[in-house]
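These are my notes from a session of looking things up in a structure that was new to me. I went from the whole chain to single residues, and I wrote down each thing as I found it.

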Amino acid sequence: MVVEGARRRGGREPSLHQLRLFLVLAEELHFGRAAVRVFISQPALSQQIRALEERLNVPLLERRGGSLTLTSAGEALVGRAREVLDAMAKLLQVSDARASAVQGRLRVGSLGAEAAMSHATTVLDRLRNRHPHLEVEVRNLNFVEQFDALADGTVDAAFLRAPLPASFQSVELATEPRVICLPADDPLADKGELTLAQIADRAVVDMPPEVPRAWWDHLTVNPRPDGTSVRYGPVVRDTEAMVLAVLQKRAITFLPAAARRLYPRPGLTYVDCPELGNSVSCLAWLPANRDVPAVHALRAAARIGSSTLAGDARSGGLSARE
């Protein structure tokens, strides 16, 4: 029995360090080479192996002239020592994972359907898999709330669309073309591609005054390349109201190309317009919260394994690209 064996050895069990040294020596069968591999002196290695033999009360090595061989007990110990060390490594992995697991609650904001985008769901799934004890709450944000909710701490991080305020830090998650959203019976709706000049007479939905003007002017290309100003129409607070305004033929709007999938409506059509440029999806947070454990875990989930990731950056103040 194990207890009886320990009693015969005076209760002294082999240390993991001794087992590791023994395995290296069993591979090299040379004290000098083994000592070099484990970064200790040869006398120190010999002392540890003798101590291991004393603790096990059995010889592990035979020294004959200049050669070194394993005894039958030494050969038997090789496999068992590897099992012990492997088991300990697995135990430490489990304990490390438990120790590093983030718990508590993380509030993540989402501008409209941003959290439903494939890149966002990938980040959130990765976060939940790594930190199953972390409660993740996703809160829908409208155009007015999107920046304020992050600035005032209502949410800890948010999936937003660039450009972002200079007070935020962010990482780019994905880039896609922007499209024009038109009523399906608009004379331009059947065009495969449009220019900004072709829609110059169309009103574009507008934002409430609480929304940074620079953000919406950037997204609506105001002023236009020819210097003319955009003619704005009805004010909307969220994407659903925006789409409804187009359905009611009160205005047109511009959306990421994913809107074709996320906001399909009878009576609506989406037309390409290269002059609108790309739409950039970002994960944003406040610099002060960067290293809060839950936010740090979310940032790590966004950084690792994403082929579209651009890297951590501080927003250059409502600029199209950090």
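Before placing anything in a loop between named elements, I fixed my terms: helices are DSSP runs of H or I with at least four residues, strands are runs of E with at least two, and both are numbered from the N terminus. I also noted that the model is a predicted one.

**Entry 1, the whole chain.** I counted 11 helices and 12 strands in the protein chain, and of its 322 residues I found that 45% count as buried. Looking at contacts with a separation of 6 or more, I saw that 73% of them are made by residues 24 or more positions apart. The accessible surface came to about 16200 Å², and carbon and sulfur atoms hold 53% of that.

**Entry 2, helix α3 and what follows.** Which residues of helix α3 are buried? In this helix, which spans residues 31-38, I listed F31, G32, A34 and A35. Seen down the axis of α3, the buried residues fall within an arc of 165 degrees, so I noted that they line one face of the helix. I then looked up what covers them, and the cover includes α2 (16-28), α4 (42-56), β1 (61-64) and β2 (67-70). Following α3 comes F39, which I placed in the loop between α3 and α4. Its phi is near 60 degrees, a positive value in a residue other than glycine, and F39 is exposed, with a relative accessible area of 78%.

**Entry 3, the nonpolar cores.** I looked next at the largest nonpolar core, which has 39 residues, and those with the most contacts inside it are F143, L160, F168, M207, W215, M242 and Y270. At least two residues of this core come from each of α7, β5 (157-161), β6 (169-183), α8, α9, β10 (268-272) and β11 (278-285), while the largest share, four residues, comes from α9. A second, separate core has 22 residues, among them L124, V171, A297 and A302. Returning to F143, and leaving out residues up to four places away in sequence, I found that F143 touches L111, M207, V211, W215, V236, R237, D238, T239 and M242.

**Entry 4, the aromatic rings.** How many aromatic pairs does a search of the whole structure find? I got four. For the rings of F147 and W215 I read a distance of 6.0 Å between centres and an angle of 90 degrees between planes, so I entered the pair as edge-to-face. F147 lies in helix α7 (residues 145-151) and W215 in helix α8 (residues 213-219), so the pair ties together parts that are 68 residues apart in sequence. I checked burial as well, and both F147 and W215 are buried. Ring pairs link F143, F147, F168, W215 and W216 into a cluster. I also wrote down a charge over a ring: the charged end of R213 sits over the ring of Y232, 4.8 Å from its centre.

**Entry 5, two residues of helix α9.** I looked up T239, which lies in helix α9 (residues 239-247). Is T239 buried or exposed? With a relative accessible area of 10%, T239 is under the 20% cut-off, so I recorded it as buried. Apart from residues up to four places away in sequence, T239 touches F143, L255 and Y263. V246 is also in helix α9, and V246 is buried, with a relative accessible area of 0%. Leaving aside neighbours within four places in sequence, I found V246 in contact with C181, L182, P183, A251, I252, T253 and L268.

**Entry 6, backbone notes.** Most residues other than glycine have a negative phi, and most peptide bonds are trans, so I looked for departures from this. The peptide bond from A162 to P163 is cis, with omega near 10 degrees, and P163 is in the loop between β5 and β6. The bond from N222 to P223 is cis, with omega near 0 degrees, and I placed P223 in the loop between α8 and β8 (232-235). K249 has a positive phi near 60 degrees; K249 lies in the loop between α9 and β9 (253-256) and is exposed, with a relative accessible area of 52%.

Note on methods
Residues numbered from 1 in each chain as written. Predicted model: local features only at pLDDT ≥ 70, side-chain atom pairs only at ≥ 80, totals over all residues. Heavy atoms only, no water. Buried < 20%, exposed > 50% of the residue type's maximum accessible area, 1.4 Å probe, protein only. Contact = heavy atoms within 4.5 Å. Areas by Shrake-Rupley, 256 points an atom, 1.4 Å probe, with all protein chains shown as cover. Arc of directions from axis to C-beta. Phe/Tyr/Trp six-rings, centres within 6.5 Å; stacked < 30°, edge-to-face > 60°. Lys NZ or Arg CZ within 6 Å of the ring centre and 35° of its normal. Core = buried A, V, L, I, M, F, W, Y, C linked by side-chain atoms within 4.5 Å.
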